[in-house]
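Trainee: Could you walk me through this one? I'd like to go residue by residue where it helps.
Mentor: Gladly, let's put it up and start with a cysteine.

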Amino acid sequence: MMKKILLASAIVTMAFSSASMAAGDAAAGQAKSGICTACHNADGNSMVPMYPKLAGQHATYLENALKAYRDGQRTGGNAAIMAPMAKGLSDQDIANLAAYYSQQKAK
């Protein structure tokens, strides 16, 4: 029983430390978001139906999506547009953008 408690405690601790290590800087994300505004609007609330709203999305989802575009793992939908946009982004850039857009209010 004690081993199960210790294992569960270790898993929870690792999960929280991983989340905090991956956390982005929203201010840096806003500074980097200039190229995103053409399609997604300055606050991530796209006015064009074919471009998704980024505002209020979970940061982890946004990070995974951008990395998948950047790394060529996401090929459908708007991949032809997004892949070149994401190509030059570092993991930290992506975390920062995700932090920024996840903190915006969806409209």
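Trainee: Okay, Cys36 then: buried or exposed?
Mentor: Cys36 counts as buried, because its relative accessibility is 18% and the cut-off for buried is under 20%. Keep in mind throughout that this is a predicted model.

Trainee: And how many disulfides does the structure hold?
Mentor: The structure holds 0 disulfides. For Cys36, the closest cysteine sulfur is that of Cys39, and at 8.9 Å it is too far for a bond.

Trainee: What about Cys39, buried or partly exposed?
Mentor: Cys39 is partly exposed, with a relative accessible area of 22%. Cys39 is in no disulfide either, the nearest cysteine sulfur being that of Cys36.

Trainee: Let's zoom out. What is the secondary structure of the chain?
Mentor: The chain has 6 helices and 0 strands, so from the N terminus on the elements read α-α-α-α-α-α.

Trainee: And how much of the chain is buried?
Mentor: Of the 107 residues in the chain, 31% are buried. The chain exposes about 7,000 Å², and carbon and sulfur atoms supply 63% of that area. As for contacts between residues at least 6 apart in sequence, 68% of them join residues at least 24 apart.

Trainee: Now H5. Which of its residues are buried?
Mentor: In helix H5, which covers residues 79–87, the buried residues are Ala79, Met82 and Ala86. They lie on the same side of H5, because they cover an arc of only 70 degrees around the axis. In general, an α-helix has 3.6 residues a turn, so residues three or four places apart point the same way.

Trainee: What's on the other side of H5?
Mentor: On the other side of H5 you find Ala80, Pro84 and Lys87, which are exposed.

Trainee: And what covers the buried residues of H5?
Mentor: The cover includes helix H3, residues 37–40, and helix H4, residues 59–70.

Trainee: Tell me about H4, then. How many residues does it have, and how far does it reach?
Mentor: H4 has 12 residues and reaches 16 Å from its first C-alpha to its last, which is close to the 16 Å expected at 1.5 Å a residue. Its buried residues are Leu62, Glu63, Ala65, Leu66, Ala68, Tyr69 and Arg70, a list in which Glu63 and Arg70 appear alongside residues such as Leu62 and Leu66.

Trainee: Which residues touch the most other members of the largest nonpolar core?
Mentor: That core has 16 residues, and those touching the most other members are Leu62, Leu66, Tyr69, Ala86, Leu89, Leu97 and Tyr101. The elements giving two or more residues to this core are H4, H5 and helix H6, residues 91–102, and the largest share, 6 residues, comes from H6. As a general tendency, nonpolar side chains in soluble globular proteins tend to be buried together.

Trainee: Leu97 is on that list; what is it in contact with?
Mentor: Leaving aside its neighbours within four places in sequence, Leu97 is in contact with Gly29, Lys32, Ser33, Cys36, Leu66 and Leu89. That brings us back to Cys36, which counts as buried at 18% relative accessibility.

Trainee: And Ala98, where is that found?
Mentor: Ala98 is found in helix H6, and at 1% relative accessibility it counts as buried. Not counting residues up to four places away in sequence, Ala98 touches Ala59, Leu62 and Glu63. The C-alpha atoms of Ala98 and Ala59 are separated by 4.7 Å, although the two residues are 39 apart along the chain.

Trainee: What about Asp91, buried or partly exposed?
Mentor: Asp91, which also lies in helix H6, counts as partly exposed at 43% relative accessibility. Asp91 touches Lys67 and Arg70, again not counting residues up to four places away in sequence. From Asp91 to Leu66 the C-alpha separation is 9.3 Å, with their positions 25 residues apart in sequence.

Trainee: Last topic, backbone angles. Which residue has a positive phi although it is not a glycine?
Mentor: That is Asn41, with a phi of about 75 degrees. Asn41 lies in the loop between H3 and H4, and it is partly exposed, with a relative accessible area of 32%. A positive phi of about 75 degrees is also taken by Gly72, just after H4.

Note on methods. Residues numbered from 1 in each chain as written. Predicted model: local features only at pLDDT ≥ 70, side-chain atom pairs only at ≥ 80, totals over all residues. Heavy atoms only, no water. Buried < 20%, exposed > 50% of the residue type's maximum accessible area, 1.4 Å probe, protein only. Helix = DSSP H or I, 4+ residues; strand = E, 2+ residues; numbered from the N terminus. Arc of directions from axis to C-beta. Contact = heavy atoms within 4.5 Å. Expected span 1.5 Å × (residues − 1). Core = buried A, V, L, I, M, F, W, Y, C linked by side-chain atoms within 4.5 Å. Areas by Shrake-Rupley, 256 points an atom, 1.4 Å probe, with all protein chains shown as cover. Disulfide = S-S within 2.5 Å.
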